[in-house]
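Biologist: I have not seen this structure before. Please take me through it by question and answer.

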Amino acid sequence: MPLHPDILSTVGDTPLIRLARASEETGCTILGKAEFLNPGLSVKDRAALFMVREAEARGAIRPGGTIVEGTAGNTGIGLALVAAVRGYRTVIVIPETQSAEKKETLRLAGARLVEVPAVPFANPNNYVHAARRLAGRLAESEPGGAFFADQFDNVANRQAHVETTGPEILAATEGRVDGFICAAGTGGTLAGTAQALRAAKPDVRIGLADPEGSALYAHYTTGTLKAEGSSITEGIGQGRITGNLAGFTPDHAYRIPDAEALAIVFRLMREEGLSLGGSSGINVAGAIRLARELGPGHTIVTILCDGAARYASKLFNPAFLAERGLPVPDWLGPATDPLP
Ligand code: PMP
């Protein structure tokens with residue numbers, strides 16, 4: 001086992017895990033890529049590392065500089081880790097609706113947090129625009145300057161998955177992958193992994209698993225960006241074609257309701273020991289739908305983006321679920337029978 005020179009060399013090379021129930025129910029082999037095992041505990045460590053490396057390579061970030069980003073949380077956590085190792089500071093602009101656990105993790109990782117109201121992208125106060133403006137101001141005032149990571153439109157994000165996630169899936173399956181599906185936030189994971197898989201296997205079927213409240217399902221099925229409904233999942237769903245989604249088209253698209261995704265999250269916890277966040281539930285639900293469409297005998301890969309601990313106060317809080325009319329699994333509530 002080689003020694004790691006620093007924490008950043010442990011990003012990626014995550015295991016591919018067979019999801020037993022989903023595989024048995026569909027007659028397919030459904031595999032989840034365990035991205036929650038990255039050092040920042042999410043898939044976004046890959047994008048964070050590639051965006052910083054690319055900025056360093058073109059001289060967009062200077063020693064002692066400040067990295068600024070607008071993020072639902074996970075990209076910020078990844079950036080804060082990279083920044084610590086490479087000697088930068090991190091300022092994160094986050095919509096106040098994101099989970100308290102992610103905000104706390106950002107603070108523990110050394111980021112400075114700016115919380116803003118959650119407003120649509122069309123509003124100039126949206127967190128992405130607020131982050132871009134803040135980076136412009138800090139570029140003038142900070143001694144080391146500032147770099148706006150810009151994960152939605154910075155294609156170094158997608159490139160991380162072209163160069164790492166996709167090849168890792170091909171290697172782990174020895175090329176026997178028939179389908180890949182996941183949700184899109186920036187779209188980096190979906191479009192980048194799809195690009196690598198399609199280059200190696202032109203017949204591979206690529207699917208989008210879209211939560212309610214996202215405009216992508218309508219875009220890819222009817223040609224119109226149109227959002228309907230809403231979702232309690234975080235980090236996924238998109239109202240526009242980001243730079244990372246540009247030029248990408250899925251072969252299949254599914255809109256997944258929260259109740260379907262959550263039932264899968266709870267089942268994977270109780271039956272397979274996988275403690276996952278909501279976007280992983282959307283992804284596995286999508287993999288099951290793709291498996292049903294392709295038929296038995298196929299191998300389908302999806303992404304297990306992050307872990308349950310990041311959402312304890314929401315997805316795993318009976319009061320939060322009940323308020324939203326979502327089913328509460330009996331094991332989440334207080335034990336009613338006295339223990340022997
Ligand atoms: N799941 C979670 C929990 C996330 O934080 C993100 C990133 N926003 C995604 C999925 C989506 O990844 P991507 O940005 O590559 O589309």
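Biologist: Which residue in E6 stands opposite Val68?

Modeller: This is a predicted model, in which local features need pLDDT of at least 70, side-chain atom pairs count only at pLDDT 80 or more, and totals for chains, interfaces and linings use all residues. Residues are numbered from 1 along each chain as its sequence is written. Helices (H or I, at least four residues) and strands (E, at least two) are DSSP runs, numbered from the N terminus. Opposite Val68 in E6 stands Phe148.

Biologist: How many bridges pair E3 with E6?

Modeller: Two strands pair if DSSP finds at least two bridges between them. E3 and E6 pair in the parallel sense, and the number of bridges is three.

Biologist: Thr66, Val68 and Gly70 are buried on one side of E3; which residues are buried on the other?

Modeller: A residue is buried if 20 or more other C-beta atoms lie within 10 Å of its own, exposed if 12 or fewer and partly exposed in between, with C-beta atoms placed from the backbone. In a regular strand the side chains alternate between the two faces of the sheet. Both faces of E3 are covered, and the residues on the other side are Ile67 and Glu69.

Biologist: Through which helix does the chain cross from E3 to E4?

Modeller: E3 and E4 run parallel, joined by five bridges. The β-α-β crossover between them is right-handed (with the strands pointing away from the viewer, the path from the first strand over the helix to the second runs clockwise). The helix on that path, residues 74–86, is H3.

Biologist: Around the axis of H5, what arc do the buried residues cover?

Modeller: The buried residues of H5 are Tyr127, Val128, Ala130, Ala131, Leu134, Ala135 and Leu138. They lie on the same side of H5, because their arc (taken from the directions from the helix axis to the C-beta atoms) is only 150°.

Biologist: Which exposed residues does the face of H5 turned away from the buried side carry?

Modeller: An α-helix has 3.6 residues a turn, so residues three or four places apart point the same way. On H5, the face turned away from the buried side carries the exposed residues Gly136, Arg137 and Glu140.

Biologist: Which residue of E10 stands opposite Phe180?

Modeller: Phe180 is buried in E7, on the side it shares with Cys182. E7 runs parallel to E10 (residues 299–304), with two bridges joining them. The residue opposite Phe180 is Val301.
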